[in-house]
Amino acid sequence: MNGPPLFGRLDTIIIRVRDWEAAADWYAEKLGLRASYTDPVQGFAVLPFNDHTLTIWQLKPGEVLPPRGTAVPYPILVTSDAASLQTTLLARDVDAGPIEVVEGVRFFTFWDPDGNRLEACQVLAGS
């Protein structure tokens, strides 16, 4: 198929949580992502950063989170210094894994209190 892309940009990434207010507090305190908009009726908060957003959205009755380690989509957040960021997150009691380096990229995985996977990625100079 040729022609222009069907979409202009990615609007947001939804991260499902058990308690949107507790999650909003955690994302603000631990990651510095403060809500620009909240909807208590629907149970979500929009967390802007740069030109993008994450939206934390509370599970509906009967919905469950996938078990940790399940292959699900997750956001990769760019950092200029993965080692420094990992140290900062660990000091804030964020569950963060070891730093890995592959083909010009340094990265590590970390998790929110609901077990949602996030990743921090640093592109190494010269890559």
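The paragraphs below lead through this predicted model, from the overall layout of the chain to its helices, strands and pockets.

The protein chain holds two helices and nine strands, and, read along the sequence, these elements follow the pattern β-α-β-β-β-β-α-β-β-β-β. Along its principal axes the C-alpha trace spans about 50 × 50 × 30 Å, and of the 127 residues in the chain, 36% count as buried.

A good place to begin is helix α1, which runs over residues 20-31. This helix has twelve residues and reaches 15 Å from its first C-alpha to its last, which is close to the 16 Å expected at 1.5 Å a residue. At the start of α1, a side-chain oxygen of Asp 19 comes to within 3.0 Å of the backbone nitrogen of Glu 21, while after the helix comes Gly 32, whose phi is positive, near 75°. The buried residues of α1 are Trp 20, Ala 23, Ala 24, Trp 26, Tyr 27, Ala 28 and Lys 30, a list in which a lysine stands beside tryptophans, alanines and a tyrosine.

From the helix the reader can turn to the strands β2, β3 and β4. Strand β2 (residues 37-39) and strand β3 (residues 44-49) run antiparallel and are joined by three bridges, with Tyr 37 standing opposite Val 46 in β3. These two strands form a hairpin with four residues between them, and in its turn Gly 43 has a positive phi of about 80°. Strand β3 is also joined to β4, in this case by six bridges, and this pair too runs antiparallel. Here Leu 47 stands opposite Leu 54 in β4, and the hairpin that β3 and β4 form has two residues between the strands, with Asn 50 in the turn showing a positive phi of about 50°.

Further along the sequence, the loop between β5 and α2 contains Thr 79. Is Thr 79 buried or exposed? Its relative accessibility is 14%, and because buried means under 20%, Thr 79 counts as buried. The side chain of Thr 79 also reaches the backbone nitrogen of Asp 81, at 3.3 Å.

Several of these elements come together again around the largest pocket, in which about 440 Å³ of space lies. The lining of this pocket is made up of 23 residues, and those that lie nearest its centre are Leu 33, Phe 49, Ile 76, Leu 77 and Val 78. At least two residues of the lining are supplied by each of α1, β4 (52-58), β5 (76-78) and α2 (82-91). Sorted by class, the lining has 14 nonpolar, six polar and three charged residues.

The second largest pocket has a volume of about 380 Å³ and is lined by 21 residues. Nearest the centre of this pocket lie Pro 66, Val 72, Pro 73, Asn 116 and Arg 117. Which strand gives the most to the lining of the second largest pocket? That strand is β1 (residues 13-17), with four residues. By class, this lining has 13 nonpolar, four polar and four charged residues.

Technical notes: Residues are numbered from 1 along each chain as its sequence is written. This is a predicted model: local features need pLDDT of at least 70, side-chain atom pairs count only at pLDDT 80 or more; totals for chains, interfaces and linings use all residues. Side-chain values use heavy atoms; hydrogens and water are left out. The expected span of a helix is 1.5 Å times one less than its number of residues. Buried means under 20% relative accessible area, exposed over 50%, partly exposed in between (1.4 Å probe, protein chains only). A polar contact is a pair of N or O atoms within 3.5 Å; within protein, one must be able to donate a hydrogen and the other to accept it, and residues adjacent in sequence count only if both atoms are side-chain atoms. On a 1 Å grid over the protein atoms alone, a cavity is a set of points where a 1.4 Å probe fits but cannot get out, and a pocket is an open set with protein on both sides within 12 Å along at least five of seven lines; lining residues have an atom within 4 Å of a point. Grid points are joined across faces, edges and corners, and a volume is the space filled by probe spheres set on the points. Ala, Val, Leu, Ile, Met, Phe, Trp, Tyr, Cys and Pro count as nonpolar, Asp, Glu, Lys and Arg as charged, and the others, Gly among them, as polar. Two strands pair if DSSP finds at least two bridges between them.
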